[in-house]
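Here is a friendly walk through a two-part topic: the overall build of each chain, and then a few spots worth zooming in on. Have a look at the picture first.

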Amino acid sequence: MSLYNVQKLLFQLNRDPAVRRRFDDAFETLLADYELTEEEQHALRDPDIGLLYVMGVNGQILMHYAALRGFEWNAYMEAMREGERKYGPVRTGLYTRAQGR
Amino acid sequence: MSLVFAGVCSHAPGITGRRDRADPVVRDAFYSAYDRMRQALEAARPDVLVVVGAEHFANFFMNNMPALCVGMGDHYEGPIEDEAWLGIKHARFPGAPELSMQLIQDMMNDVDLAYAQEWKFDHGIMVPLHFLTPRADLPIIPVNINCQGPPLIPLKRCYDFGRALKRACDARPERIAVIGTGGISHWPATPDSGRINEPWDREFLDKFLGNRREELLAYDDAETWREAGQGGLEIRTFIAVAGAAEGHTGELWFYAPIPIFAVGCTVAVMNL
C-alpha cells in the first residue's frame, strides 16, 4: 500500500499546480501528508531515482519526477540502471516481470 | 454519416521531446508520414476526431481507474507535461460534448463506459495532435483505454468497443474520424527504453492491416509483456480501431524503429 502512496504523491505532483507549489515551498510538510516509509521519504527527498524505480514506481510517473529534479534523459536511464545494480531487481509492480534481459 | 477516416500512429514523447537526437533522415521520413496522415484526415473533412489513446496517469490514477473512458468536455488542454520536456506548446482543443453524450449513450448498449468532462491531454494524445491538428481547431473526443497496468480490459472487448463506436457513428449525421495511438513493442520509461522488437511489430501490423480479428484477439498479455514489453499492452488502441474499421483493411504508411524515440514509429491508415 505504501508504494501506492509514493505513486499518488508523484501523480498529484505531476498534475496539480497547488501540489507543485507545496513541493517547491514546503516539501517536508507535503511528504508528511502521505503515509510513507523512511526509505520512501529518503528516496523522494534525495532524490534516489534508481531506488524509486526498484521500489516499483511506474516509469510513466517516475520519468516526470526525474525531469523535475533535473535528470535529463540519459541521466534518468543511468539512474535506473544504477538503482538495479545497487538495490537489486525491481521489487514489485509493473516491471517485475521478465524484461528479456 | 459514420466514420470518414480511421488510422493509427505512434505517440511516444521522444518523438517530439527528443527530436534533435534522432537520425534526421529517418525522423523526417516519419514526420512526413504524419503529415501525409494530416492531409488525408483533412481531405476526409471530419467534424470531429475521436482519439483512442492510452494515457499515462495524467487524468486517471489507481484510486479510480476506468477500463474505458470517453471524454465529454467542452474543451480540453495539454500537454500536462512540461512543454520543454515534451517539445510541444500548451494548447486548448475544442470538445464536442453533445456528440460525445450521444455516442456514449449509444455505445453503452454494447460496452460499459466511464465518461469525463475534464481531461488534460498527455503525450499520448498531444503528440498525434501536434502533427495532425496543428491549429488545434478540430473538435476532439478523447477515449482512454487503460493500458498502464493490470487488471486490463481483454482484447476482445477493445475490438467490441471499436464495433460499438462504429455503430454509434453510423447513427449520427456528423462526419467522424478516429485514430488509435499507442506503441507496438516498446519498454518505455525503463532501463530498456529504446529496445524494439521489430519482427514482433511487423507480424502484429500484418494482422492489424489485414484486420484479421481472430488473430488479433489471440494475443496473450503475458506473452505480449515478454516479447513486446509493457508498452506492447497498448495494442489495445490499435485493436479498437480495427473493430471500428471491421471489414476493411489498411495500408502501412510508415514503420521504422527509432530507438531514441523508444518505439517502432508507425503511421497506418485503414481503407474505409
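Chain B has 10 helices and 10 strands. Its radius of gyration is 17 Å, close to the 19 Å that the globule rule gives for 272 residues, so chain B is as compact as a globular protein of that length. Keep in mind that this is a predicted model. If you draw a box around the C-alpha atoms of chain B along the principal axes, you get roughly 45 × 40 × 40 Å. Of the 272 residues in this chain, 65% count as buried. And what about contacts between residues with a separation of 6 or more in chain B? Here, 81% of them come from residues 24 or more positions apart.

Now for chain A. It has seven helices and zero strands, so to speak an α-α-α-α-α-α-α run when you read from the N terminus on. The radius of gyration of chain A is 13 Å, close to the 13 Å that the globule rule gives for 101 residues, so this chain too is as compact as a globular protein of its length.

Here are the two chains side by side.

| Chain | Helices and strands | Box along the principal axes | Buried residues |
|---|---|---|---|
| Chain A | seven helices, zero strands | about 40 × 30 × 20 Å | 50% of 101 residues |
| Chain B | 10 helices, 10 strands | roughly 45 × 40 × 40 Å | 65% of 272 residues |

In chain A, residues 24 or more positions apart account for 61% of the contacts with a separation of 6 or more.

Let's zoom in on a pair of helices in chain B. Two packed helices are described by the angle between their axes and the distance between the axes. Helix α7 (residues 198-209) of chain B and helix α10 (residues 235-244) of chain B have axes that come within 11 Å and cross at roughly 20 degrees. An angle under 35 degrees counts as roughly parallel, so that is what α7(B) is to α10(B). The crossing of α7(B) past α10(B) is right-handed.

Which residues do the touching? On the α7(B) side they are B:Trp200, B:Phe204, B:Leu205 and B:Phe208, and they meet B:Ile235, B:Phe238, B:Ile239, B:Val241 and B:Ala242 in α10(B). Sort the residues of this contact by type and you find nine nonpolar, no polar and no charged.

Is α10(B) enclosed or open? In α10(B), 10 of the 10 residues are buried, so this helix is largely enclosed by the rest of the structure. Its buried residues include B:Arg236, B:Thr237 and B:Gly243.

Another arginine to look up is B:Arg27, which is found in helix α2 (residues 24-43) of chain B. Is B:Arg27 buried or exposed? Its relative accessibility is 15%, and since buried means under 20%, B:Arg27 counts as buried. Leaving aside neighbours within four places in sequence, B:Arg27 is in contact with B:Arg19, B:Asp20, B:Ala22, B:Ile258 and B:Phe261.

Back in chain A, A:Glu82 lies in helix α7 (residues 73-87). At 37% relative accessibility, A:Glu82 counts as partly exposed. How far is A:Glu82 from A:Met55 in space? The two are 13 Å apart, C-alpha to C-alpha, and 27 residues apart in sequence.

Methods: Residues numbered from 1 in each chain as written. Chains lettered and ligands numbered in written order. Predicted model: local features only at pLDDT ≥ 70, side-chain atom pairs only at ≥ 80, totals over all residues. Heavy atoms only, no water. Axes fitted to C-alpha atoms, helices over the stretch in contact; angles between N-to-C directions. Helix = DSSP H or I, 4+ residues; strand = E, 2+ residues; numbered from the N terminus. Parallel < 35°, antiparallel > 145°, perpendicular 65-115°, else oblique. Left-handed = near helix turned anticlockwise from the far one by under 90°. Contact = heavy atoms within 4.5 Å. Nonpolar A, V, L, I, M, F, W, Y, C, P; charged D, E, K, R; others polar. Rg over C-alpha atoms; globule rule 2.2 N^0.38 Å. Buried < 20%, exposed > 50% of the residue type's maximum accessible area, 1.4 Å probe, protein only.
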